[in-house]
Amino acid sequence: VLKRLLVAPGSGPQLASRDARDALGLEGKTEASERLAALQTEVGELQGRLWAEHERALLVVLQGMDASGKDGVANAVLREVNAAGSRSVPFKAPTEPELDHDFLWRVHAATPGRGELVVFNRSHYEDVVAVRVLGLRPEAVWRRRFGHIRDFERLLADEGTQVVKLFLHLSRDEQRKELQERLDDPAKRWKFRRGDLETRARWDDYAAAYEEAIAETSTEAAPWYVIPADRAWVRNLAAVEVVAETLRRLDPRYPPGEPELEGLVVE
Ligand code: AMP
Ligand code: MG
């Protein structure tokens with residue numbers, strides 16, 4: 001299944017031909033929640049080893065349209081992870097000091113240190129998607145950022161930070177339902193912004209911008225996965241599976257410990 005979700009380097013995500021409602025062969029919610037719980041335990045265990053090893057790091061980048069479930073996925077990924085070695089970092093529209101620097105400045109500063117698992121809730125991809133659609137910078141500027149992003153992510157990989165990127169693929173109709181739900185449910189209304197409707201009106205522009213950004217930046221060092229996001233239980237399971245598999249491949253090890261400690265008895 002992961003192979004199907006992967007955007008092979010050199011190819012594009014072809015979002016229009018992917019089904020956002022795909023259940024990935026799962027029977028239903030019960031099966032999914034059992035498997036999710038087991039995977040979350042495994043992610044917690046692997047992250048504990050990553051933290052103890054203190055050599056490498058994992059950065060999970062989440063992107064997706066409004067209401068695609070980025071907050072939910074961040075929670076699902078970090079559910080069983082030790083708070084000491086993990087963080088979720090949201091990226092909002094840049095502040096003035098941030099705008100006074102290059103677009104990767106604030107992003108680089110938030111990357112994980114050795115041993116950490118960090119989830120980016122939005123990221124530098126806003127700088128080639130939102131910035132492009134809203135016309136905040138000229139094309140010559142955002143277009144050359146694809147190369148800067150590839151180089152930046154390769155730098156992170158070379159220096160020990162594995163990067164994995166998840167695009168939460170939501171259908172336009174499911175977004176309508178989710179946004180309506182936010183309006184109707186007092187417990188969710190705080191999440192709704194008027195701007196969400198303007199963004200929704202430009203759905204096709206955002207989709208085209210994502211299509212190209214993902215095609216330009218899915219690499220061996222930092223691959224993109226497209227996660228079907230219309231059903232929260234499929235979305236969370238698939239996302240946590242990608243993270244678990246990435247950690248399995250890293251295979252972090254507990255450090256050996258000092259040989260002098262061998263056989264030492266605490267009185
Ligand atoms: P939310 O994630 O719903 O809290 O919204 C954050 C908003 O900040 C979204 O509308 C993003 O498109 C916007 N945003 C985040 N990063 C950037 C950026 N680098 N440039 C422009 N807009 C951004
Ligand atoms: Mg929002």
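The expected span of a helix is 1.5 Å times one less than its number of residues. In this predicted model, helix α2 covers residues 29-53, and its 25 residues should therefore span 36 Å; the C-alpha atoms at its two ends are 35 Å apart, in agreement with that value.

One set of α2 residues is buried: Ala32, Leu36, Leu39, Gln40, Val43, Gly44, Leu46, Gln47, Arg49, Leu50 and Glu53. These buried residues pack against two strands, β2 (57-64) and β4 (117-121), and against two helices, α3 (70-78) and α11 (232-250). After α2 comes His54, with a positive phi near 55°.

Helix α3 can be taken next. Its buried residues are Lys70, Val73, Ala74, Ala76, Val77 and Leu78. The elements that cover them include the helices α2 and α11, together with the strands β2, β3 (86-90), β4 and β5 (161-169).

The pairing of α3 with α11 can be described in more detail. Two packed helices are described by the angle between their axes and the distance between the axes. For α3 and α11, the axes come within 9 Å and cross at roughly 50°. An angle between 35 and 65 degrees counts as oblique, so α3 is oblique to α11. The crossing of α3 past α11 is right-handed. On the α3 side the contact consists of Gly72, Val73, Ala76 and Val77, and these meet Arg235, Asn236, Ala239, Val240 and Val243 of α11. By class, the residues of this contact are 6 nonpolar, 2 polar and 1 charged.

Further along α11 is Leu247. Is this residue buried or exposed? Leu247 has a relative accessible area of 0%, and buried means under 20%, so Leu247 is buried. Leaving aside residues up to four places away in sequence, Leu247 touches Val43, Leu46, Leu50, Leu58, Leu117 and Pro252. Val43, Leu46 and Leu50 are among the buried residues of α2. Leu247 and Gly28 are 219 residues apart along the chain, and their C-alpha atoms are separated by 26 Å.

A second helix pair is formed by α7 (residues 139-158) and α10 (residues 203-217), whose axes come within 9 Å and cross at roughly 40°. That angle makes α7 oblique to α10, and the crossing is right-handed. From α7, the contact uses Arg143, Phe146, Ile149, Arg150 and Glu153; from α10, it uses Glu212, Ala213, Glu216 and Thr217. This contact has 3 nonpolar, 1 polar and 5 charged residues, whereas the contact of α3 with α11 has 6 nonpolar, 2 polar and 1 charged.

The last topic is backbone geometry. Most residues other than glycine have a negative phi, and most peptide bonds are trans. Besides His54, with its positive phi near 55°, two other residues can be noted here. Leu24 is not a glycine, yet its phi is positive, near 55°. Leu24 lies in the loop between β1 (6-7) and α2, and it counts as buried because its relative accessibility is 12%. Asp251, also not a glycine, has a positive phi of about 50°. Asp251 is placed in the segment after α11. With a relative accessibility of 29%, Asp251 counts as partly exposed.

How values were computed: Residues are numbered from 1 along each chain as its sequence is written. Chains are lettered from A and ligands numbered from 1 in the order in which they are written. This is a predicted model: local features need pLDDT of at least 70, side-chain atom pairs count only at pLDDT 80 or more; totals for chains, interfaces and linings use all residues. Side-chain values use heavy atoms; hydrogens and water are left out. Helices (H or I, at least four residues) and strands (E, at least two) are DSSP runs, numbered from the N terminus. Buried means under 20% relative accessible area, exposed over 50%, partly exposed in between (1.4 Å probe, protein chains only). Contact means heavy atoms within 4.5 Å. Axes are lines fitted to C-alpha atoms, for helices over the stretch in contact, and angles run from 0 to 180 degrees between N-to-C directions. Angles under 35 degrees count as roughly parallel, over 145 as roughly antiparallel, 65 to 115 as roughly perpendicular and the rest as oblique. A crossing is left-handed if the near helix is turned anticlockwise from the far one by less than a right angle, and right-handed if clockwise. Ala, Val, Leu, Ile, Met, Phe, Trp, Tyr, Cys and Pro count as nonpolar, Asp, Glu, Lys and Arg as charged, and the others, Gly among them, as polar.
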